[in-house]
Amino acid sequence: MKQKNNVEVLIGGNTYTISGYESADYLQRIATYINTKIDEVCSCSGRLMNQTSRNALIQLTIADELFKQKELYEELLKEKEETDKILFELKHELAATKARLDAKKGK
């Protein structure tokens, strides 16, 4: 059984303890990612936006990336399935061709 890790991270200037079964490095990378998104939103919106609006924009930005990645994943999965189907058909065609060739050699 995996051991649960408790890691202190700095997000948006505040220290949080996050827990998870992932590695401490992974949990730190998540915090770094969130800080990057905070920095992106703050640099675009400036200081005029209140904290609630800024947090909503950060959440929307992350959700947008998640949805786009899910769409890409689905597209790639569909492409893989189509490629697997073509490969299966080609393998059968190759086997049939080899069988015909072997039959002609046997004549």
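The largest nonpolar core of the predicted model comprises 9 residues, namely Val 7, Val 9, Ile 11, Leu 27, Ala 31, Ile 38, Val 41, Cys 42 and Ile 58. A nonpolar core is here a set of buried Ala, Val, Leu, Ile, Met, Phe, Trp, Tyr and Cys residues joined through side-chain atoms within 4.5 Å. Strand S1 and helix H1 (24–45) each contribute at least two residues to this core, and the largest share, 5 residues, is supplied by H1. In soluble globular proteins, nonpolar side chains tend to be buried together. Residues are classed as buried under 20% relative accessible area, as exposed over 50% and as partly exposed in between (1.4 Å probe, protein chains only). Helices (H or I, at least four residues) and strands (E, at least two) are DSSP runs, numbered from the N terminus.

The model is predicted, with local features requiring pLDDT of at least 70 and side-chain atom pairs counted only at pLDDT 80 or more, whereas totals for chains, interfaces and linings use all residues. Residues are numbered from 1 along each chain as its sequence is written, and side-chain values use heavy atoms, with hydrogens and water left out.

Strands S1 (residues 5–11) and S2 (residues 14–20) run antiparallel and are joined by 7 bridges; two strands are taken to pair if DSSP finds at least two bridges between them. Ile 11 is positioned opposite Asn 14 of S2. The hairpin formed by S1 and S2 has 2 residues between the strands, and Gly 12 adopts a positive phi near 60° there. In a regular strand the side chains alternate between the two faces of the sheet.

Leu 10, a residue of strand S1, touches Thr 15, Ala 31 and Asn 35 when residues up to four places away in sequence are not counted. Contact denotes heavy atoms within 4.5 Å. The C-alpha atoms of Leu 10 and Ala 63 are 21 Å apart, with the two positions 53 residues apart in sequence numbering. Leu 27, a member of the nonpolar core, is in contact with Asn 5, Val 7, Val 9, Ile 18, Ser 19, Gly 20 and Glu 22, leaving aside its neighbours within four places in sequence.

Helix H2 (residues 51–106) has 56 residues, and at 1.5 Å a residue it should span 82 Å; its end C-alpha atoms are 81 Å apart, in agreement with this value. The expected span is 1.5 Å times one less than the number of residues in the helix. At the start of H2, a side-chain oxygen of Asn 50 comes to within 3.1 Å of the backbone nitrogen of Thr 52. Asn 55 also lies in helix H2 and is partly exposed, with 32% relative accessibility. The C-alpha atoms of Asn 55 and Ile 38 are separated by 8.2 Å, the two residues being 17 residues apart along the chain.

The structure contains 5 salt bridges, a salt bridge being defined as a side-chain nitrogen of Lys or Arg within 4 Å of a carboxyl oxygen of Asp or Glu. Side chains of opposite charge can pair when their charged atoms come close. One of these salt bridges links Arg 29 to Asp 25, with the closest N and O atoms 3.1 Å apart. Because Arg 29 and Asp 25 are 4 residues apart in helix H1, about one helical turn separates them. Arg 29 is partly exposed at 48% relative accessibility, and Asp 25 is partly exposed with a relative accessible area of 48%.

Further salt bridges involve Lys 37, which lies in helix H1 and is buried, with a relative accessible area of 6%. The side chains of Lys 37 and Glu 40 form a salt bridge (3.1 Å, N to O). Glu 40 and Lys 37 are 3 residues apart in H1 and therefore separated by about one helical turn; Glu 40 is partly exposed at 36% relative accessibility. A salt bridge also joins the side chains of Lys 37 and Glu 65 (2.4 Å, N to O). Since Glu 65 lies in helix H2 and Lys 37 in helix H1, this pair ties together parts that are 28 residues apart in sequence. Glu 65 is partly exposed, with a relative accessible area of 27%. Lys 37, Glu 40 and Glu 65 are joined into one network by salt bridges that share partners. Leaving aside neighbours within four places in sequence, Lys 37 is in contact with Ile 58, Thr 61, Ile 62 and Glu 65.

Terms used:
A polar contact is a pair of N or O atoms within 3.5 Å; within protein, one must be able to donate a hydrogen and the other to accept it, and residues adjacent in sequence count only if both atoms are side-chain atoms.
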